[in-house]
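Colleague: I would like to go through this model feature by feature. Please give the general idea where there is one, then the case at hand.

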There are 2 protein chains.
Amino acid sequence: MTKKVLLVGLGLIGGSLALAIKEEHPEYEISAIDRNEKSLETALELGIIDKTLLNDNLINHASDFDYIILALPVQYSIDFLEELSRYDLKEGLLLTDASSTKVEIVERAEELFKDKNVRFVGGHPMAGSHKSGVLAANINLFENAYYVLAPSSISSPEDLLEAKELLKGTRAQFIELDANEHDKVTSQLSHFPHILAALLVEQASDYAKIHPATGFLAAGGFRDMTRIASSDANMWTDIIMTNQKQLVDRLDDFTDYIQGIKQEIIDGDSQKIFSFFDDAREKRDSMQIHNGAIPSFYDLYVNVPDKVGVIHEILGYLTEAGISIINIRIIENREEIMGGLKLSFRSGKDQHDAQEIIEKKTGYKVYEA
Amino acid sequence: MTKKVLLVGLGLIGGSLALAIKEEHPEYEISAIDRNEKSLETALELGIIDKTLLNDNLINHASDFDYIILALPVQYSIDFLEELSRYDLKEGLLLTDASSTKVEIVERAEELFKDKNVRFVGGHPMAGSHKSGVLAANINLFENAYYVLAPSSISSPEDLLEAKELLKGTRAQFIELDANEHDKVTSQLSHFPHILAALLVEQASDYAKIHPATGFLAAGGFRDMTRIASSDANMWTDIIMTNQKQLVDRLDDFTDYIQGIKQEIIDGDSQKIFSFFDDAREKRDSMQIHNGAIPSFYDLYVNVPDKVGVIHEILGYLTEAGISIINIRIIENREEIMGGLKLSFRSGKDQHDAQEIIEKKTGYKVYEA
């Protein structure tokens with residue numbers, strides 16, 4: 001049975017969701033709204049969507065849709081829900097979103113639609129990109145990524161199943177998480193670390209004014225820790241502004257941790273400092289860090305001169321042997337690890353076979369991680 | 001003119017320094033001391049060193065050497081200096097070290113040798129590895145890395161030049177930095193970030209006890225920010241214990257930064273939050289982050305399915321065209337960027353040519369960073 005889907009916001013996420021829905025439900029008719037008319041035209045030409053809808057016409061067509069998916073930043077999504085709540089909507093409409101925080105939007109949707117026959121399931125596909133725009137749309141964007149679905153007081157367990165079915169083509173791993181729990185967990189794992197990275201950059205940058213070598217002696221550790229500080233400021237402002245309470249809580253909490261280690265450093269008990277680092281290493285290793293679906297535990301380091309020809313040669317031997325790699329990286333600064341080339345494999349067998357092949361064929365030293 | 005060099009500690013750093021000295025000064029005679037006798041034997045067999053010295057014989061042979069290089073953790077280096085100060089030493093002996101903090105060792109050396117005709121120049125080659133042991137010794141380990149030389153009250157500018165000449169084979173970039181300044185700058189860029197990473201792991205791990213999804217929803221940002229928390233706890237304890245004052249200072253200072261952003265979040269002024277993130281991005285981009293010698297500014301992203309054959313194919317085209325890459329990485333989780341494959345080039349020209357070639361030959365979309 002055909003259904004009509006409206007995608008609101010046709011950027012990377014919206015475009016990729018359209019592709020995923022089309023893949024699983026080719027009979028569904030997908031319309032899209034975007035303030036950028038060129039995006040709409042392009043998406044139409046590329047067959048990513050079936051129809052375009054101008055915002056001015058929303059009032060007349062809002063009731064056409066069985067599903068409306070908001071793929072906008074949180075605050076725009078909330079604004080859109082408010083607009084939508086003033087229009088006629090189809091009975092039993094299922095609404096969902098794809099934004100980064102869940103409490104504010106779920107609560108607002110509950111208020112706006114509680115007396116209407118409209119269902120709302122919060123959504124957060126945990127994948128994204130520095131690139132944006134519908135041209136970057138990619139059917140594989142969400143593959144194996146976690147996709148959080150947050151129930152609301154205007155959704156039933158069946159509605160969550162229906163949302164999953166609609167979004168099945170994403171091939172994401174769906175998990176159900178209460179909106180409040182979602183915002184707490186993502187504050188700890190993502191939003192707060194972003195703030196931390198930006199603070200570290202700010203501190204180092206200020207320090208460089210008095211201690212100039214700070215401006216050029218940073219290396220791999222600093223680079224990795226501050227990489228996310230180069231993210232899009234608009235997106236992160238939107239996230240922080242809709243998760244204030246949790247962030248204040250994490251910031252306060254972290255201050256206590258800082259006080260703790262500061263006291264241990266002042267006390268100068270090396271056994272305690274050792275335990276601090278050793279426990280952190282152990283705890284980190286026991287955390288599941290999402291990496292697509294596949295944890296990259298099977299690494300090899302090859303001690304090679306970093307020439308493209310050598311890497312090409314090594315990959316040739318692996319291709320020949322039918323061994324897949326799931327990652328490859330040149331360790332440039334040699335600070336992290338012995339050996340210039342890091343290869344990650346799907347299994348211990350692949351890792352083992354690759355080690356044998358590379359050593360035999362090239363004579364380069366190969367180390368396990 | 002031949003000189004006699006003693007390397008104290010024949011692990012990765014000591015072994016690599018031996019190789020570098022040998023390369024530039026093949027006529028020098030290199031001896032080594034290490035508590036691991038097997039390392040000594042292996043290094044002798046491999047020709048990394050010319051002679052081994054047992055610690056028990058140090059008392060009888062300490063005066064043989066023109067140069068003594070300590071390649072041990074700071075606290076062991078200080079212990080060794082104390083032992084050495086009790087023995088007869090060659091007039092004009094030049095002593096240097098390769099440890100991670102400089103104030104404690106420079107001050108101790110000054111005290112111990114101020115009344116002797118011995119020179120001490122602090123050293124810190126800013127390269128290293130997760131791998132250890134003399135078998136991992138690599139003449140390229142320090143190539144293009146910064147190598148800090150810290151003058152002391154028992155060294156002259158000529159002594160620094162002499163140390164550089166001795167270590168020239170490392171092909172490192174030598175910079176002169178006062179010990180105190182070194183410890184301040186590295187506390188900000190390296191030691192404090194290590195503590196921050198470990199604290200973040202500790203906090204997240206504790207949070208996971210009450211909010212279990214914290215244990216499995218971490219993704220790329222968290223992984224990058226905490227990667228250094230998996231470093232060797234012994235090494236970092238040694239570093240923290242010899243840079244306590246600076247670390248307490250950085251921890252206190254950071255608490256102020258936390259208070260600042262916390263207040264802005266409470267105030268809920270989105271313009272200020274935006275500026276906070278936007279400034280951080282800009283400041284980070286203006287910092288020089290050391291990456292071997294070559295900043296990897298010339299990146300391309302290729303939107304490919306992550307199959308080894310495809311990468312092999314692409315590298316084949318680049319090899320054919322004589323284009324070198326300086327890094328390659330598969331972006332697995334698609335969270336960071338559009339496109340599965342990241343390639344880094346030495347120049348804008350290489351980047352441009354590679355983009356043309358890859359697009360023409362494969363039809364895959366190629367994006368500039």
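Colleague: In what sense do strand E5 and strand E6 of chain B pair, and over how many bridges?

Modeller: Keep in mind that this is a predicted model. In general, strands of a sheet pair through backbone hydrogen bonds, either parallel or antiparallel. Here strand E5 (residues 93-97) and strand E6 (residues 118-125) of chain B run in the parallel sense, paired over four bridges. Within that pair, B:Leu94 has B:Arg119 of E6(B) as its bridge partner.

Colleague: In what order do the strands of the sheet in chain B stand?

Modeller: The order is E3-E2-E1-E4-E5-E6-E7-E8, an open sheet of eight strands with mixed pairing. Strand E3 (51-52) and strand E8 (173-176) of chain B are at the edges with a single partner strand each, so one side of each has no neighbour in the sheet.

Colleague: Take a residue on one of those edges. With which residues is B:Phe174 in contact, apart from its neighbours within four places in sequence?

Modeller: B:Phe174 belongs to strand E8 of chain B. Its contacts beyond the sequence neighbours are B:Tyr147, B:Leu149, B:Lys164 and B:Leu167. For a long-range reference, the C-alpha atoms of B:Phe174 and B:Thr362 are 44 Å apart, with these positions 188 residues apart along the chain.

Colleague: And what is the order of the strands in the sheet of chain A?

Modeller: Chain A has an open sheet of eight strands, mixed in pairing, in the order E3-E2-E1-E4-E5-E6-E7-E8. Strand E3 (51-52) and strand E8 (173-176) of chain A are its edges; each has a single partner strand, so one side of each is without a neighbour in the sheet. At the E3 edge, strand E2 (residues 29-33) of chain A pairs with E3(A) in the parallel sense over two bridges. There A:Ala32 is opposite A:Thr52 of E3(A).

Colleague: By what turn and what shift can chain A be laid on chain B?

Modeller: Two copies of a chain are related by a rotation about an axis and a shift along it. In this case a turn of 180° and a shift of 0.0 Å along the axis lay chain A on chain B with an RMSD of 0.1 Å. This is the relation of a two-fold axis. A:Met225 has the C-alpha nearest the axis in chain A, at 2.0 Å.

Colleague: Why do the copies meet through the same surface?

Modeller: Because 100% of the interface residues of chain A are interface residues in chain B as well. Chain A brings 132 residues to the contact and chain B brings 132 residues. Between them the two chains bury about 12700 Å², of which 64% is on carbon and sulfur atoms.

Colleague: How many salt bridges are found across the interface of chain A and chain B?

Modeller: There are four. One of the salt bridges joins the side chains of A:Lys262 and B:Asp252, at 2.8 Å from N to O. Polar contacts between the chains number 31 residue pairs, with both residues at pLDDT 80 or more. Helix H7 (residues 179-210) of chain A contributes the most to the side of chain A that touches chain B, namely 22 residues. That side of chain A is made up of 67 nonpolar, 38 polar and 27 charged residues.

Colleague: What is the count of salt bridges over all chains?

Modeller: The count is 42. Among them is the pair A:Asp353 and A:Lys349, whose side chains meet at 2.6 Å, N to O. Both residues are in helix H13 (residues 348-362) of chain A, four residues apart, which is about one turn of the helix.

How values were computed. Residues numbered from 1 in each chain as written. Chains lettered and ligands numbered in written order. Predicted model: local features only at pLDDT ≥ 70, side-chain atom pairs only at ≥ 80, totals over all residues. Heavy atoms only, no water. Least-squares fit on C-alpha atoms with pLDDT ≥ 70 in both. Contact = heavy atoms within 4.5 Å. Buried area = accessible area lost by both parts, 1.4 Å probe. Polar contact = N/O pair within 3.5 Å; in protein donor to acceptor, adjacent residues only side chain to side chain. Nonpolar A, V, L, I, M, F, W, Y, C, P; charged D, E, K, R; others polar. Pairing = 2+ DSSP bridges.
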